[in-house]
Amino acid sequence: MKFFLATGSDHKITELRRILVANGVDGVVLGLGDVDPYPEPVEDGDTFEANALIKAREGFARTGLPTLADDSGIEVDVLNRMPGVRSARWAGSGAGDGENLALLIRQIDDVAPEKRTARFVCAMALVWDGGEQVVRGVVEGTLAEAPRGQGGFGYDPLFIPEGETRTTAEMSPEEKDAISHRGRALRAMIPHLRLSTE
């Protein structure tokens, strides 16, 4: 089994590989650093699904390998479900995790705890010579009043999954994978991934 993860994020590659291994998917997983570099496509879709497909189609066209890509982010209800597809560039083009997180904290600073509802969303696309498949993983939760924890990345230090008191940044990688939006999407995709490499 050999396939390509169309992402430039080392965090995502590590997380996806870990989830695959934990679910018995043993194979050669290549990332952007393992193939001839190419300009990452512009993610100009207005849904997570559209952006995931843009990346997966480009990766398949470049490598000829079954290609997996995701687009994910956080939806905050009091912000009309924003940042949404703009989660990675919420504080502007080129902004890092810290800047995006700081902006979100400022935007909800005066929001009551019971109204700080949010969700992590992941759309995952697989493109191979036999077709295309898109799945979605969602985890509901709330936003803490201040960042907590050293694990994860992105908005993890602020997000408390439903039924939890800890943020996802306070969880072990395995605990986070078991409930995360990306973990849920990838587990739903595994049967299609096996089919694509037969």
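## The largest pocket

The largest pocket is lined by 34 residues. Among these, S9, K12, S72, S87 and A88 lie nearest its centre. Four elements each give two or more residues to the lining: α1, β3, α3 (97-107) and α5. The top contributor is β3, with four residues.

The pocket has a volume of about 790 Å³. By type, its lining holds nine nonpolar, 15 polar and 10 charged residues. The model is a predicted one, and the pocket is computed from it.

## Helix α5

Helix α5 covers residues 181-196. How far apart should the ends of its 16 residues be? At 1.5 Å a residue, the expected span is 22 Å. The end C-alpha atoms are 22 Å apart, so the model agrees with the expectation.

The helix does bend. A kink of about 45° lies at I190. The proline P191 comes shortly after that point.

Which residues of α5 are buried? They are H181, R182, G183, A185, L186, M189, I190, L193 and S196. I190, the site of the kink, is thus on the buried list too. In an α-helix there are 3.6 residues a turn, so residues three or four places apart point the same way.

Several elements cover the buried residues of α5. Strands among them are β1 (2-5), β3 (67-76), β5 (117-128) and β6 (131-143). Helices among them are α1 (10-22) and α4 (173-179).

## Helix α2

Helix α2 runs over residues 48-63 and has 16 residues. Its expected span at 1.5 Å a residue is 22 Å. The end C-alpha atoms are 23 Å apart, which agrees.

The buried residues here are F48, N51, A52, L53, K55, A56 and G59. They pack against four strands: β1, β3, β5 and β6. These strands also help to cover the buried residues of α5. After α2 comes G64, with a positive phi near 75°.

## L32 in its loop

L32 sits in the loop between β2 (28-30) and α2. Is L32 buried or exposed? Its relative accessibility is 14%. Buried means under 20%, so L32 counts as buried.

Which residues does L32 touch, leaving aside those up to four places away in sequence? The contacts are F4, L5, T7, G8, Y38 and E40. G8 is 24 residues from L32 along the chain. Even so, the C-alpha atoms of the two are separated by 5.8 Å.

Definitions and conventions
Residues are numbered from 1 along each chain as its sequence is written. This is a predicted model: local features need pLDDT of at least 70, side-chain atom pairs count only at pLDDT 80 or more; totals for chains, interfaces and linings use all residues. Side-chain values use heavy atoms; hydrogens and water are left out. The expected span of a helix is 1.5 Å times one less than its number of residues. The bend at a residue is the angle between axes fitted to the seven residues ending there and the seven starting there. Buried means under 20% relative accessible area, exposed over 50%, partly exposed in between (1.4 Å probe, protein chains only). Contact means heavy atoms within 4.5 Å. On a 1 Å grid over the protein atoms alone, a cavity is a set of points where a 1.4 Å probe fits but cannot get out, and a pocket is an open set with protein on both sides within 12 Å along at least five of seven lines; lining residues have an atom within 4 Å of a point. Grid points are joined across faces, edges and corners, and a volume is the space filled by probe spheres set on the points. Ala, Val, Leu, Ile, Met, Phe, Trp, Tyr, Cys and Pro count as nonpolar, Asp, Glu, Lys and Arg as charged, and the others, Gly among them, as polar.
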